[in-house]
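Welcome, and please open the viewer. We will go from stop to stop, selecting a few side chains each time and looking at what is there.

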Amino acid sequence: MRSKILVATAVLSAQFACKKNNDLPYSTSQVSAMSMEAKGFSSHESSQVNEVAAPSVGANLALPARNTLPISPATWCEGSLNALKISKQAITAELAALCTGATPTARFATLINSAYTGTGEAVITPISVGMVGSDVQLFVAYAMKLNKPAVQTLLGEEKHVPSGYDVGDLKIVPKFVNPPPLNTGDCDTAFYVDQYTEVNDVIDFKETSKNELKMYRLHPNNFDFFMAARTLVAPTEQFRKAVVMRAIMADPADPKKSIAISVLNFVMNDRNGNGDNVRATFERFIEADFLALYKSQTTN
């Protein structure tokens, strides 16, 4: 039996600063400073800046001091609780893979220690792989170390999402579209990702899943700790759950560099008993996407 052929088209649009102005943990002047330092949380031409007015010419801007925090997994976990207070995304299981409340799990340290640096083995750590009822689950994690600051690694997430793939039986052809998600005050940056999926094999199917990709700065006036999470807007006939969460932080060994940990959790239709085939297809995708993400993050 030949492997399933998966063809996916992702289309997305972005909105900068999806927090409402009165919900921002920083002032308009801080947003301007953040935009300069981060080159904007969203650099794509379809991005929009909403409800943040530019300061008038000659304005006397007094920026607050940078919020300097200890560079550690514990500080990332503490910040993830800040994100959970406002987030509408279902990401508690994925966060629990890294944090028990504000305390890092042993897995967090293990992932950092096995982080990919461009050479050697690209380690993918299984969390839960098997059947959930009649559905297939792939719940895994991996990490990489990058020679750039955390905020630039966050920006690289946007760069990576619309990348095209042609790896074995898997093809993805993405593009940006408008409109962006509404400004509801539940994150810092928001995207829509519409993914068309087509499988041509023993069982053929086509569907489109709508996803949200949201980005979070985990501590006010701090550029060392971030999170990005992509979740389904609603389950589909094929994808019961599809979460891609990135934990991004400065590298404790060198704060000018960064660490990105990916936690992926897919629960999928087994296509009438073809669960092994479905799982194998997505395992190949995850392996290819791991290396493609690293390449994207390390290529200008």
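Start by selecting Arg217 and Phe223. Arg217 lies over the face of Phe223, at 5.1 Å from the ring centre. Keep in mind throughout the tour that this is a predicted model.

**A second charge over a ring**

Now select Lys210 and Tyr192. Here Lys210 is placed over the face of Tyr192, and the distance to the ring centre is 4.5 Å.

**A buried acid**

Next, go to Asp224, in the loop between strand 10 (205-217) and strand 11 (225-232). Is Asp224 buried, or is it exposed? Asp224 is buried, yet it has no salt bridge. Show Arg66 as well: it is the nearest side chain of opposite charge, and it is 5.6 Å away. A salt bridge needs a nitrogen within 4 Å of a carboxyl oxygen, so that distance does not qualify.

What surrounds Asp224? Leaving aside neighbours within four places in sequence, Asp224 is in contact with Ile71, Ala150, Ile248, Met249 and Ala250. Select those five residues together with Asp224 to see these contacts.

**Salt bridges**

Side chains of opposite charge can pair when their charged atoms come close. How many salt bridges does a search of the whole structure find? The search finds eight, and we will visit some of them.

Select Asp186 and Lys214. Their side chains meet in a salt bridge, at 2.3 Å from N to O. This pair links distant parts of the chain: Asp186 is in the loop between strand 8 (175-176) and strand 9 (189-200), while Lys214 is in strand 10, and they are 28 residues apart. Asp186 has a relative accessible area of 2%, so it is buried. Lys214 is buried too, with a relative accessible area of 5%.

Keep Lys214 on screen and add Glu212. Glu212 also forms a salt bridge with Lys214, the closest N and O atoms being 3.8 Å apart. Like Lys214, Glu212 is buried. With Asp186, Glu212 and Lys214 all shown, you are looking at a network of salt bridges.

For another salt bridge, select Asp135 and Arg240. The closest N and O atoms of this pair are 3.2 Å apart. Asp135 sits in strand 5 (residues 135-146) and Arg240 in strand 12 (residues 239-251), so the bridge links distant parts of the chain, 105 residues apart. The two partners can be told apart by their accessibility: Asp135 counts as buried at 14%, whereas Arg240, with a relative accessible area of 34%, is partly exposed.

**Aromatic pairs**

Now hide the charged side chains and turn to the rings. The structure holds seven aromatic pairs. Select Tyr116 and Phe290: their ring centres are 5.7 Å apart and their planes are at 80 degrees, so the pair is edge-to-face. Tyr116 lies in the loop between helix 4 (106-113) and strand 4 (125-132), and Phe290 lies in helix 6 (residues 275-297), so the pair ties together parts that are 174 residues apart in sequence. Tyr116 counts as buried at 10% relative accessibility, and Phe290 counts as buried at 1%.

Add Tyr142 and Tyr294 to your selection. Ring pairs link these two with Tyr116 and Phe290 into a cluster.

Stay on helix 6 and select Phe282 and Phe285. This aromatic pair is edge-to-face as well, with 6.3 Å from centre to centre and 75 degrees between the planes. Phe282 and Phe285 are three residues apart in helix 6, so about one helical turn separates them. Phe282 is buried, with a relative accessible area of 7%, and Phe285 counts as buried at 14% relative accessibility.

**The disulfide**

For the last stop, select Cys77 and Cys99. A disulfide is a covalent bond between the sulfur atoms of two cysteines. How many disulfides are counted here? The count comes to one. Cys77 and Cys99 form it, with their sulfur atoms 2.1 Å apart. The pair links distant parts of the chain, since Cys77 is in helix 2 (residues 73-86) and Cys99 in strand 2 (residues 99-100), 22 residues apart. Look along the S-S bond: with -80 degrees about it, the link is left-handed. Both Cys77 and Cys99 are buried.

Notes: Residues are numbered from 1 along each chain as its sequence is written. This is a predicted model: local features need pLDDT of at least 70, side-chain atom pairs count only at pLDDT 80 or more; totals for chains, interfaces and linings use all residues. Side-chain values use heavy atoms; hydrogens and water are left out. A disulfide is a pair of cysteine sulfur atoms within 2.5 Å. Helices (H or I, at least four residues) and strands (E, at least two) are DSSP runs, numbered from the N terminus. Buried means under 20% relative accessible area, exposed over 50%, partly exposed in between (1.4 Å probe, protein chains only). Lys and Arg count as positive and Asp and Glu as negative; His and the chain ends are not counted. Contact means heavy atoms within 4.5 Å. Rings of Phe, Tyr and Trp (its six-membered ring) pair if their centres lie within 6.5 Å; planes under 30 degrees apart count as stacked, over 60 as edge-to-face and the rest as tilted. A charge sits over a ring if NZ of Lys or CZ of Arg is within 6 Å of the ring centre and within 35 degrees of the ring normal.
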